[in-house]
Each structure stands twice: as structure tokens, then as C-alpha cells.
Amino acid sequence: MSDSEDYEYEYDESDQEAMDAGSGGGDEDASFEYTDDEDNQNNDEGEVALENAYYNAKGERDSGEIDEARETFESVVRMEVEQNKKEAGVATDDDDDAMDVEATTSKLLAPLKFHGPWSYKAVKQLVKLHLRSLNCDSAVKDYERLLP
């Protein structure tokens with residue numbers, strides 16, 4: 001058989017009826033529900049922004065930009081806390097959620113109730129950065145942020 005040969009197809013009556021019924025353009029059987037849910041879209045955009053910031057920080061870490069990576073990992077924590085507080089209906093200017101190492105040096109660390117998975121990953125990366133740079137005090141402070 002060569003590529004230039006023409007093929008003839010034989011159809012049953014049932015196959016032909018099914019093709020004819022499908023091409024009628026009728027929407028009687030098909031029911032689609034379209035929703036314009038902006039809250040989900042905004043939430044998804046926030047998740048994407050968190051994920052992008054986290055992986056950008058990892059890229060900075062891998063390229064040797066340690067100080068920039070620390071700042072970006074901290075920004076991931078701040079972004080997620082703000083996003084989770086907004087979703088919970090809590091004012092974002094409340095400082096009851098200890099998210100900064102500098103802010104937590106004078107008081108005991110409270111459980112991080114507004115932190116999510118990206119914050120956890122970012123703080124874990126901060127601990128690793130501090131350990132690699134032999135900054136044990138900061139590593140311990142960040143590690144304490146991970147503990148509930």
C-alpha cells in the first residue's frame with residue numbers, strides 16, 4: 001500500500017445516524033454551567049504569585065544571591081500571611097502573627113495561624129540559608145517559626 005492510495009470507508013446505518021445526530025448543532029442534551037467567579041480567580045492568582053516568588057527566591061539562592069534570596073523568601077511569608085488574613089477577614093495591619101525574625105526577638109513566638117504551605121517552605125529555606133552561612137542564631141530563630 002502506498003500513501004497515494006485512496007481509502008473507502010463503509011458505514012453502518014447506525015454509524016451514519018449517530019454522525020447525523022451529532023452534527024445537527026442541537027444543544028438539547030448538552031448542559032454547561034459557566035460561572036464567573038472572580039474570588040476563585042483572584043485566589044488562584046495569589047497562589048500563582050506566591051509560587052512564583054518562592055521559586056524566584058530559590059533561583060536567587062542557586063545563583064549565589066543569598067541576601068536577595070533571604071529577602072524574597074521573607075516576602076513570600078508576608079504575601080501569604082496578608083492573603084490568608086484577607087481571606088479570613090482579619091485586618092492585615094495586626095501584628096499578632098509573628099512573621100519576622102526581627103519582630104520576634106523581644107517576645108515569645110506565637111503559633112503562626114495565618115501561614116500556609118508556601119510560608120512554611122520559605123521559612124524552611126531560610127533556615128537552610130542561615131545554616132549554610134553558619135549564622136546559627138538566625139537559623140534557630142527561623143526554625144522556631146516553623147514550630148506550632
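Which residues are linked with Glu-74 in a network of salt bridges? In this predicted model, the partners are Asp-142 and Arg-145. Before getting to how that trio is put together, a quick look at the overall fold helps.

The chain is built from 5 helices and 0 strands, so read from the N terminus, following the DSSP runs, the order is simply α-α-α-α-α. Of its 148 residues, 29% are buried.

A good place to start inside is the nonpolar core. The largest one holds 17 residues, and those with the most contacts inside it are Tyr-54, Phe-73, Val-76, Val-77, Trp-118, Ala-122 and Leu-129. Two or more residues each come from helix 2 (38-62), helix 3 (66-88) and helix 4. Helix 4 is the top contributor, handing over 6 residues. As a rule, nonpolar side chains in soluble globular proteins tend to be buried together.

Now for the charges. The whole structure contains 4 salt bridges, and Arg-145 shows up in the network already mentioned. One of its bridges goes to Glu-74, with the closest N and O atoms 2.8 Å apart. Arg-145 sits in helix 5 (residues 136-146) while Glu-74 belongs to helix 3, so this pair ties together parts that are 71 residues apart in sequence. The other partner, Asp-142, comes within 2.7 Å of Arg-145, again taking the closest N and O atoms. Here the link is a local one in sequence terms: Asp-142 and Arg-145 are 3 residues apart in helix 5, which means a separation of about one helical turn.

What about solvent? Each member of the trio falls under the 20% cut-off for burial: Arg-145 has a relative accessibility of 4%, Glu-74 has a relative accessible area of 12%, and Asp-142 comes in at 0%. The network of Glu-74, Asp-142 and Arg-145 is thus made of residues that count as buried, Arg-145, Glu-74 and Asp-142 alike.

Helix 3 also carries a salt bridge between the side chains of Asp-67 and Arg-70, at 3.2 Å from N to O. These two are 3 residues apart in helix 3, so about one helical turn separates Asp-67 from Arg-70.

Lastly, the surface. Lys-121, Lys-124, Lys-128 and Arg-132 form a positive patch there. Lys-121 lies in helix 4, which spans residues 117-132, and this lysine is partly exposed, with a relative accessible area of 30%. Helix 4 therefore holds a patch member, Lys-121, while also giving the most residues to the nonpolar core.

How values were computed: Residues numbered from 1 in each chain as written. Predicted model: local features only at pLDDT ≥ 70, side-chain atom pairs only at ≥ 80, totals over all residues. Heavy atoms only, no water. Patch = residues over 30% accessible without salt bridge, like charges linked within 9 Å, V, L, I, M, F, W, Y side chains within 5 Å. Areas by Shrake-Rupley, 256 points an atom, 1.4 Å probe, with all protein chains shown as cover. Lys, Arg positive; Asp, Glu negative; His and termini not counted. Charge placed at Lys NZ, Arg CZ, Asp CG, Glu CD. Helix = DSSP H or I, 4+ residues; strand = E, 2+ residues; numbered from the N terminus. Buried < 20%, exposed > 50% of the residue type's maximum accessible area, 1.4 Å probe, protein only. Core = buried A, V, L, I, M, F, W, Y, C linked by side-chain atoms within 4.5 Å.
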